[in-house]
Amino acid sequence: CGFDTGGGPQLLMAKPHVKLGEPMPTHRFPSLAAPSAYTAPTEIHGEDDVLHMWELPDFGELDVSSAKALGQHDSELLLSFLTVPYLRVPLVLAFFASDDRIHSLQVPKLQALLDAVLFEPGAHLPLASEGLEPSDVPSSAPELLGSPHHLLLNELTRSPATVVESVLKLAHQAVDLDTGTLKASTTTVILYAIRLCARMDNYLTFLLQYESGTHDSIRGQPFRGLHLPPQAREVLAGARGELRNVMWTGLRPVLLGWYHRLSREIEGDPDEDILDENVRYMCNIHAHLVLMLRNLSSAELCPASATTLLAGMAFLATRHQFNKGLLDVWDDGPSFDAWRVPETELYETLHVLRRKLVLWLRTTANQSQLDSVLNTVVRVSEGSGALRTPAGEAAQ
């Protein structure tokens, strides 16, 4: 309600602009984990609606032989899993981790779908409904099919095995997809797997720190319904160790191999177009290297990880043009959306790690370590050499 020039009340409406024939949106930010997001104009409310569709979406084409990302059978399975929000996290993860479906994650739409399934919080369980259980199927009280905080947190605290095993499978499969060059059809899959693993590490680390009382900004355990049983704690601790191992000893060498090749291509007096393109790729690699180390504690920092973080910060500060959207479109060519770390996520990661790095440099590192770390940072930021692997870093 507003007021006209005469001071009287006037009805004001904000009506979204839609194209002819499109349905009116019901949510400002529709969930990408809802099956109806992929079947417009058909609305999907349950598995029966999926079964009665004549043709199911293929979610796009792969780079190889113009193959469809998903066949009709796989599409039916995936959409059916999306109709059960409370159960979709383990179902969808296991779907992509099996039967070589990791290749379908080359398509940005399926990357966004999996991110939505995992990281959208889902329905909230009100305090008044705490302890109540559904008494019928399908439930006549859908508000009970929620969680106090987040569906993924709920899954990791109560039944973590399928989730962590599926993520580890995807990580190992991504390592096997490397062809030795960044300019391959599997690159977007590998980069997405790195982001997925790093984000899963965020959740695992949060739960373990929350349970042990070692979180940097949370005192005690103030959150309702967030408790790790001893068995789940053991599973999550083991899974985090395995996940970091495959990131740092499996996926990280893949990124470094790409980086060295890109760096060698721009040594001497390179063509400006090649220089611009390779620097963009190198920024992306640095962003992924930094993201993998987000959850290191002060005690876990070492010369190797400090070098990676400081070199990444320096390179991105001097070479990447923040807030320009340059990682999305290049010369009206294909979208690079499936390549990038969102700048908001990168910026948050840099600030989470900044204080830990300063403390390590000032209180822990000796003069020899400082010389080695900062010499590498200067070399990388000046572009006078590749990001060489410091001695002992591969074992980190």
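**Exercise 1. Find the loop that holds F59, then decide whether F59 is buried or exposed.**

Start with the neighbours along the chain: F59 lies in the loop between α1 and α2 (72-82). Helices here are DSSP runs of H or I with at least four residues, strands are runs of E with at least two, and both are numbered from the N terminus. Keep in mind that you're looking at a predicted model, where local features need pLDDT of at least 70, side-chain atom pairs count only at pLDDT 80 or more, and totals for chains, interfaces and linings use all residues. Residues are numbered from 1 along each chain as its sequence is written, and side-chain values use heavy atoms, with hydrogens and water left out.

Next, the surface. F59 has a relative accessible area of 4%, so it is buried (buried means under 20%, exposed over 50%, partly exposed in between, with a 1.4 Å probe and protein chains only).

Last, the backbone: phi of F59 is near 70°, a positive value in a residue other than glycine.

**Exercise 2. Do the same for D100: which loop is it in, and is it buried or exposed?**

D100 sits in the loop between α3 and α4 (108-119). Its phi is also positive, near 60°, and D100 isn't glycine. Now check the surface: D100 has 53% relative accessibility, so it counts as exposed.

**Exercise 3. Find the cis peptide bond and say which loop P41 lies in.**

Look at the bond joining A40 and P41: this one is cis, with omega at about 5°. Then place the proline: P41 lies in the loop between β2 (9-10) and α1 (47-51).

**Exercise 4. Work out which residues L113 touches, and how L113 fits into the largest nonpolar core.**

First, list the contacts, meaning heavy atoms within 4.5 Å. Leaving out residues up to four places away in sequence, L113 touches L32, Y38, F59, L78, L82, V92 and F96. There's F59 from the first exercise again.

Then zoom out to the core (a set of buried Ala, Val, Leu, Ile, Met, Phe, Trp, Tyr and Cys residues joined through side-chain atoms within 4.5 Å). The largest one has 108 residues, and L113 and L156 have the most contacts inside it. Helix α7 gives this core its largest share, 15 residues.

**Exercise 5. Describe the aromatic pair of F206 and Y210.**

A pair of aromatic rings is described by the distance of the centres and the angle of the planes. Rings of Phe, Tyr and Trp (its six-membered ring) pair if their centres lie within 6.5 Å; planes under 30 degrees apart are stacked, over 60 edge-to-face, and the rest tilted.

The structure holds 7 such pairs. For F206 and Y210, the centres are 5.9 Å apart and the planes are at 25°, which makes the pair stacked. Both residues lie in helix α7 (residues 187-212), 4 residues apart, or about one turn of the helix. F206 is partly exposed at 21% relative accessibility, whereas Y210 is buried at 2%.

**Exercise 6. Now classify Y259 and F315, and say what their pair ties together.**

With 6.4 Å centre to centre and 70° between the planes, this pair is edge-to-face. Y259 lies in helix α8 (residues 230-265) and F315 in helix α10 (residues 303-319), so the pair ties together parts that are 56 residues apart in sequence. Y259 is buried, with a relative accessible area of 1%, and F315 is buried at 1% as well.
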